[in-house]
Amino acid sequence: MDTGKTTIGPAIGPRAIATASAMEAVLVANTPSFLLDRLRKDIAVQYVLDNMSPPEIIKVLREALARPVQDVTEIVPRYVYLAALSTVDPQDQALWQQILSLDLSNLEWGEPIRRLMRAEAVPTTSLEFELPAPSVP
Amino acid sequence: MRVQFALCAQSASVDRNSNRLSIFNVIDHFPASSLPIVIPAVTFVSVIESDRDEGTNVKGSLGIFSKNHPIFTVEVPITFVNGQLARVLINFQGIPVREAGPLTFRLTIPNAVTAETAFQVSNLAQHEAIQVSTPSTQV
């Protein structure tokens, strides 16, 4: 149900990310893990990640969650924002505290998805070394 | 603390979206056409479990040994968030190996655990020489 308007910058309207594929994912999902997996691969989540920083996503999601749902299509952007937050660096404790503080009680699978995101956020130490070439005798 | 696994592979990656780990071309042995040789790329991968609930940072030390001779040592910071798991992915480029034998990667976390893996480096030229000098018995 995209309006066709292209919103640039952090203020991405909820309609811009309630794409047909994201809506389909929300409608056909039978488990929270299926929904999270589908949305993570969805262009709507990529679009959010390309245009918004994690604090901006948290702010917009918090505002959306505070509003009562009037239309079923309003649920889709909330799941999209939540799925986008699964990419937050596992070592960024400040951001994770903000994610954990979100009130997801109005989102049916919000809490199970957040639990999955937290469980999958395993910190990784990634290093690279180039060893010195051996000296020729 | 417990080591879930430790292994060497040609490469490994963590998916940007799902944070899932993929390991490609696990190295169980390395046949060298001649020695000494430089192994172009090896990725050491280990997953370590913490028995503590809270997050913690520890410092480990990773050493590479060829037949127990040290080749390289480096300090590795390891972060546990909310206890549970921590992953270590270390890419090495150009590991010099002078002689055939086990190439051992040992990640030691002081007063905790050691994640160790090894693969055998064999000298194919030497194998061929042995086969030529010992003719097979035919009936």
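This is a short tour of chains A and B, stop by stop.

The model is predicted: local features need pLDDT of at least 70, side-chain atom pairs count only at pLDDT 80 or more, and totals for chains, interfaces and linings use all residues. Residues are numbered from 1 along each chain as its sequence is written, chains are lettered from A in the order in which they are written, and side-chain values use heavy atoms, without hydrogens and water.

**Stop 1: helix α3 of chain A**

Select residues 32-40 of chain A, which form helix α3. Helices here are DSSP runs of H or I with at least four residues, strands are runs of E with at least two, and both are numbered from the N terminus. P32(A), L35(A), L36(A), L39(A) and R40(A) are buried in α3(A). Buried means under 20% relative accessible area, exposed over 50%, and partly exposed in between (1.4 Å probe, protein chains only). Now look down the axis of α3(A): the buried residues fall within an arc of 125°, so they line one face of the helix. That arc is taken from the directions from the helix axis to the C-beta atoms. An α-helix has 3.6 residues a turn, so residues three or four places apart point the same way.

What covers this face? The cover of the buried residues of α3(A) includes α2, α4 (43-51), α6 (75-84) and α8 (110-120) of chain A.

**Stop 2: R40(A)**

Stay on α3 and pick R40(A). Its relative accessible area is 4%, so R40(A) counts as buried. Show its contacts, meaning heavy atoms within 4.5 Å. Leaving out residues up to four places away in sequence, R40(A) touches V45(A), Q46(A), A83(A), S86(A) and E120(A), and also N17(B), S18(B) and R20(B).

**Stop 3: Y79(A)**

Move to helix α6 of chain A and select Y79(A). Is Y79(A) buried or exposed? Y79(A) is buried, at 6% relative accessible area. Among the residues that Y79(A) touches are L35(A), L39(A), W109(A) and I113(A). Now measure to L100(A), 21 residues apart from Y79(A) along the chain: the C-alpha atoms are separated by 15 Å.

**Stop 4: a surface patch**

Go to helix α2 (residues 20-28) of chain A, where V28(A) sits. With a relative accessible area of 47%, V28(A) is partly exposed. V28(A), L27(A) and F34(A) make a nonpolar patch on the surface, with about 280 Å² of accessible area together.

**Stop 5: chain B**

Switch to chain B, which has 1 helix and 9 strands. The elements run β-β-β-β-β-β-β-β-β-α from the N terminus. Of its 139 residues, 42% are buried.

Color strand β8 (residues 101-108), which pairs with β5 (residues 56-66) in the antiparallel sense over 6 bridges. Two strands pair if DSSP finds at least two bridges between them. Across from L103(B) in β8(B) stands S66(B).

Next add β9 (residues 114-123), joined to β8(B) by 8 bridges and antiparallel. In the hairpin of β8(B) and β9(B), 5 residues lie between the strands, and N111(B) takes a positive phi near 60°.

**Stop 6: L107(B)**

Finish in β8 with L107(B). L107(B) is buried, with a relative accessible area of 1%. Opposite L107(B) stands A115(B) in β9(B). Other contacts of L107(B) include F44(B), I48(B), L62(B), V76(B), I78(B) and V88(B). The C-alpha atoms of L107(B) and E75(B) are separated by 9.2 Å, with their positions 32 residues apart along the chain.

Key
Patch = residues over 30% accessible without salt bridge, like charges linked within 9 Å, V, L, I, M, F, W, Y side chains within 5 Å. Areas by Shrake-Rupley, 256 points an atom, 1.4 Å probe, with all protein chains shown as cover. Salt bridge = Lys/Arg side-chain N within 4 Å of Asp/Glu carboxyl O.
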